[in-house]
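Please look through the structure shown below with its sequence at hand, and keep both in view while reading. The paragraphs that follow go from single residues to strands, then to the nonpolar cores and the ligand.

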Amino acid sequence: MYNENNIFAKIIKGQIPCEKVYEDKNVLFFNDINPMAKIHVLGIPKIFCVDFSDFILKSEDSIVSDFFKKTEMVIDTLGIRETGYKIFSNSGVNGGQEVPHFHIHILGGEKVKL
Ligand code: AMP
């Protein structure tokens, strides 16, 4: 069950600020408030979904495709396509997810220790 009071839903609705990296009508990429590497960007679809599975199961193929294409575009914009990066998404209790709105982490800019 999606809880609209989570912090990323508030960011999407403009109720809480964030350091935007890229935004359009379907997606938002912004800097993580507690970076784990020199570059640490979070990417979220604007559709309300709890985690990766929820996003895939409830979204049109075009929305899923658009999200991952935009992720790659942001990776290029960040200048880390050639030097490398780590992308991941935490889900649920066992995945250690803190914010219950699907997001991917993009880490780079240095050798990522994780
Ligand atoms: P996760 O454990 O995958 O749910 O990660 C949640 C991430 O959101 C963590 O890396 C936090 O540092 C980050 N975070 C929490 N609140 C904010 C915020 N207001 N702006 C940017 N990043 C945030």
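With a relative accessible area of 0%, C49 counts as buried, and this residue is a convenient place to enter what is, it should be said at once, a predicted model. C49 is found in the loop that runs between β3 and α2, the latter spanning residues 52-58. If neighbours within four places in sequence are left aside, C49 is in contact with Y2, D54, F55, K58, P100, H101 and F102. A further point of reference is S59, which is ten residues from C49 in sequence and lies 9.1 Å from it in space, taken from C-alpha to C-alpha.

One of those contacts of C49, H101, deserves a look of its own. H101 belongs to the loop between α4, residues 92-95, and β5, and it counts as buried because its relative accessibility is 0%, where buried means under 20%. Its contacts, again without the neighbours within four places in sequence, are Y2, N6, F8, I12, I44, P45, I47, F48, C49 and V50. With P45 there is also a polar approach, since a polar atom of the H101 side chain lies 2.8 Å from the backbone oxygen of P45.

P45 leads on to strand β3, and here one may ask how many of the residues of β3 are buried. Seven of the seven are, and the strand is therefore largely enclosed by the rest of the structure. The cover extends to both of its faces, with I39, V41, G43 and P45 buried on one side and H40, L42 and I44 buried on the other. On the pairing side, β3 is joined to β2 by five bridges, the two strands running antiparallel, and within this pairing F30 stands opposite L42. β3 also pairs with β5, likewise in the antiparallel sense and over five bridges, and there V41 stands opposite I106.

From β2 the path continues to β1, residues 20-23, which pairs with β2 in the antiparallel sense over three bridges. These two strands form a hairpin with three residues between them, and the bridge partner of K20 in β2 is F30, a residue already met opposite L42.

Strand β2 also holds N31, and the question here is whether N31 is buried, exposed or partly exposed. N31 counts as partly exposed because its relative accessibility is 30%, which falls between the limits of 20% and 50%. Apart from its neighbours within four places in sequence, N31 is in contact with E19, V21, H40 and V41. With E19 the link is polar as well, a contact of 2.8 Å joining the two side chains. C18 is 13 residues from N31 in sequence, yet the two are 7.3 Å apart in space from C-alpha to C-alpha.

The strands can now be related to the interior. In soluble globular proteins, nonpolar side chains tend to be buried together. In this model the largest nonpolar core has 14 residues, and those with the most contacts inside it are F29, V41, F55, F67, F102 and I106. The elements that give two or more residues to this core are β2 (27-31), β3 (39-45), α3 (61-77) and β5 (104-108), and α3 gives the most, with four residues. F102, when residues up to four places away in sequence are not counted, touches G43, I44, P45, C49, V50, D51, F52, F55, F67 and S89, and C49, where this account began, is thus one of its partners. A second, separate core consists of eight residues, including L28, F30, L42 and V99.

What remains is the ligand, and the reader may ask which of the 15 residues around it come nearest. They are D32, N90, E98, H103 and H105. For three of these residues, polar approaches to ligand oxygen atoms can be described. In N90, an N or O atom of the side chain is 2.8 Å from an oxygen atom of the ligand, whereas in E98 it is a backbone N or O atom that lies 2.7 Å from a ligand oxygen. H105 brings a polar side-chain atom to 2.8 Å from an oxygen atom of the ligand. Of the 510 Å² of accessible area that the ligand has on its own, the protein covers 87%.

Key:
Residues are numbered from 1 along each chain as its sequence is written. This is a predicted model: local features need pLDDT of at least 70, side-chain atom pairs count only at pLDDT 80 or more; totals for chains, interfaces and linings use all residues. Side-chain values use heavy atoms; hydrogens and water are left out. A nonpolar core is a set of buried Ala, Val, Leu, Ile, Met, Phe, Trp, Tyr and Cys residues joined through side-chain atoms within 4.5 Å. Buried means under 20% relative accessible area, exposed over 50%, partly exposed in between (1.4 Å probe, protein chains only). Contact means heavy atoms within 4.5 Å. A residue is near a molecule or strand if one of its heavy atoms lies within 4 Å of it. A polar contact is a pair of N or O atoms within 3.5 Å; within protein, one must be able to donate a hydrogen and the other to accept it, and residues adjacent in sequence count only if both atoms are side-chain atoms. Accessible areas come from the Shrake-Rupley method with a 1.4 Å probe; for residues, only the protein chains shown count as cover. Two strands pair if DSSP finds at least two bridges between them.
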